[in-house]
Structures are given as structure tokens and as C-alpha cells.
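Here are some short exercises to work through with the model open beside you. Try each task before you read its solution.

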Amino acid sequence: MNFKRTFALLLFGLLTGPAVAGVLPEDRSDVLYHLYVGGGVEIDGPSILVRKQLGNSVSVVGNYYVDYVSSASIDVVTTASPYTEERRQYSLGIDYLRGNTTMRANYISSTESDFDSTTYSFSVSQDMFGDLTTLTLGYAYGEDIVGRSDDPTFRRDNRRQQYSVGLTQILTRNLIAALNVETATDEGFLNNPYRSVRYFDPDVASGYSFEPELYPHTRTSNAVGLRARYFLPYRAAVEVEYRYFIDTWDIQGNTASLTYIHPWGPFTFTIKGRYHDQTGAHFYRDLFPRAQATNFRGRDKELSELTSYTLKLKVSYQFIDVNKGWSFFKKGSITASIDMLSIDYHDFSDLTAGAPVGSEPLYHLDANIFQVFVSFWY
Amino acid sequence: MRTSFRSMSRVVLLITSVAWLSGCTNIEPWVKPYERDHLADPIMALDSDPVSTAYMQHVYEAREGARGGEGAAGGGCGCN
């Protein structure tokens, strides 16, 4: 559940878009279907976005997003029962353009049976130096209510804040780069109320027992991301991206990706490779030596030492040509993509293997992520 | 946490100072508006598919310990 409290805080990026000021975002609508399959988990649902300009200086945007979750993941099958879940998220945003300054405000609300989240965000972008440079300052504040589906009296609160600075720079007529710096703080009940940690227990046949997780009540993280996209001489583009991450839970992460984009008639093909490597949180253990062995304890595999790899293949077909249009549509496209995700966990055992305690094989996740979406510009 | 806020404040102060100073100087753009046809090509858009980008960042945030710093971001459950 630790990821749930970050999603709404970060979603305002979807509504604000990249750091480009001086021009309002294009009017467009997107209807997307997403499907994640892997590790005993299946998640699918729609995402619908509508953006429309009102007059010359205001643009409004709305997004509706749903996750239908069916989970029998490694966590679930070893400590709980498979479950189904549904999450609905609504968001509204407004952009106001004045000269070279764009101000944005957004509201996001997300509800699940056991988790509610609300986020407010505000950002300002300024074009400078002949529109070669765009600076964006952002702030977001969010509140979560954590519940338990098996205990209606259980309620815990979280508060989240995020500060961000973005700088987008045109470097040459073929090269654009963006630098993003982000600090986020969480305060409150940060662990999953359902998840357990494992500890050595010689009194039971399996050799181990479980007890509830207990996380620190605060977390502060810093991330610095740099990306650059270059226009190749034969009309194609290549992008490199790197991010460094560090937080007060002792997680350090390095993420890098390489993307190649190649248009061919009405088609656009994209191939992307992504690599991520991280250390584990200081209170994470795959197997604690005894019950209540440390002040804080967690066995969330997302907080463990891991390495992930993703290969993305994407094709987009433009069925309404931008030069011709159709009715009141300026452009239309349909896009399909697959992301093949593979995660090697370096300190998270696969307990379903049935091996003696302490000698279980490490867990490995393979997942496929499918997306199909239709986009219209008007 | 206090150290993080302090370092963040310095970054904000530095960048806003540059922004203010930009109003006092007359820096000639080294890439003229008429030279930006390549940059205006849709394949050069840093985020041409915001809904898809947000979704994928949500997928990663649910499965990795890192977050933020990637320009656009996404959210949602997606769970265990």
C-alpha cells in the first residue's frame, strides 16, 4: 500500500503536462484501456482524459481512471487470501495563461474500499530567454485515509507534500533537455495494514511465523531527473533519461532509459529500454531473527533491493491527417503498446517453493503491460 | 527532512534568481524561432501521450521504491 499514498500526489503531472509555458496545451481527448498481467495479478480498466480551451487564456482538463484489481500475488498467497478490488479516480485541472506565465491548479480524488486520497496541487511556469527556457515551480498537498476491509473501525491518516522544480531547455535546433528536481515528504501511517513480516520461529513446522509490519511515520525523498531528446537527420528521434533517487529510508535508486522513435508514413514506431536498480530500506528484512526484532520492520518487496528491466514496443497510427482534418477534428490516432517488465529481487524469497527456511529461492517477477488508446485533437 | 527542505530551498532560490535576472538582461536566443521546425515535430514532444505516461509511472511507483523526478507522473493503485 505504500505506493498508494504517492500516486495522487504525483498524478498532477498528468494534468499539468510537461514544463512548456507560454502556450496552452492542445485541446485533446484520450480514451485508454490498460491491462497488467503478471505475478498472479491482473489489473485492467479505462482512463479517459478531456482537455478543452476556454477563450484564449484558460484551459480545463478532466481525467477519469479506474483500476479493476484481481490479485493472487506472492504476498497474498503466502499471508492472506486472493482478493478483488476497485479503485476510481477523478481529477480536474485548470491552466491560466498570462503572457509567458502559465499557472495551473489541480484537484485529484481517489477512492477504494479501504483507502481514500485527496490531492491539491499548484504550479507556475515561466518562459524565458526568447522561449528557449521554461522554468516550472510546483507544490502539492495530499491527505490519505487508510482503512481495513475487515475492520470498519480501523482508520489512519497520512499527509503528503511535494515540492518540484523543472527546467526545460532548448539547447540546439535539434536538441531539447529537461531537468526535474523533486522533494516529497510523507507523514502518518505509511505501512500496509495487511502486510506482514516474517521471522524465524523454531516452534512451528515451517520454521517461520508472521507479524504485522511497522514502518517509520515519516519519509522524505529527493529525486533528480535529467532527460534529453535529439532529432536525427533522417526524421527520427532518440531520447536518453536518467534519474537518481534517495530517501530517508536508505533507499537509493538509479534509473536509466533509452528511447528511439521512428515515423513511417502515418505510423510511428517506438522502442524503449529501461533499467532500474535500488537498494533496500533500512528496516526491510526478508527474514527477521525473532518477533519484534527491530523498532521498525517491513517485508514489502518494493522496498527491497531489486533490479528491474523493461522493454517497450509501441506503434501509433494516425487515421486523421493533421493536414486534412475530419469534421471538427484536427487529428486522430490509435496507439497500441506492450511493456515487458522483469524484476529480479535480490532479498525477497519465494515462499511458495516450499524450501527449508532460510534457503528459499529468490523471487522473480515477469509481467506484461498492454495499452490501447485512441486520441483526438480538436 | 530539514536538510532536504534547506537544499530544495537553495535550488528554488537559485533558479528564481535566474528567472528574475532574465527580466533585466537581453539574451539573444541562439536558436531562432524559424530554426525550431525540428523541435516542433511531434516526435520531439517530451510527453506526446500524457495519459499513457501517467499510467506507466503509476505502474513503476507501485513496484519500485523510487518516485518522482521524471517530469510527468502518474498514480493509482495497482497493487500487491
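The exercises below cover overall size, confidence and one helix.

This is a predicted model, where local features need pLDDT (the predictor's confidence in each residue, from 0 to 100) of at least 70, side-chain atom pairs count only at pLDDT 80 or more, and totals for chains, interfaces and linings use all residues. Residues are numbered from 1 along each chain as its sequence is written, while chains are lettered from A and ligands numbered from 1 in the order in which they are written.

**Exercise 1.** Check the radius of gyration of chain A against that of a compact globule.

*Solution.* Start with the rule: 2.2 Å times the number of residues to the power 0.38, with the radius taken over C-alpha atoms. For 378 residues this gives a value near 21 Å, and chain A has 23 Å, so the two agree. Next, look at the box: the C-alpha atoms of chain A fill roughly 75 × 40 × 35 Å along the principal axes.

**Exercise 2.** Find where confidence is lowest and highest in chain B.

*Solution.* First take the whole: chain B has a mean pLDDT of 72, with 54% of its residues at 70 or more. Then go by element: helix α1 (residues 2-22) of chain B is lowest at a mean of 60, and helix α3 (residues 50-63) of chain B is highest at 93. Helices here are DSSP runs of H or I, at least four residues, numbered from the N terminus.

**Exercise 3.** Compare the span of α3(B) with the expected one.

*Solution.* The expected span is 1.5 Å times one less than the number of residues. The 14 residues of α3(B) should therefore span 20 Å, and its end C-alpha atoms are 20 Å apart, which agrees.

Notes
Helices (H or I, at least four residues) and strands (E, at least two) are DSSP runs, numbered from the N terminus.
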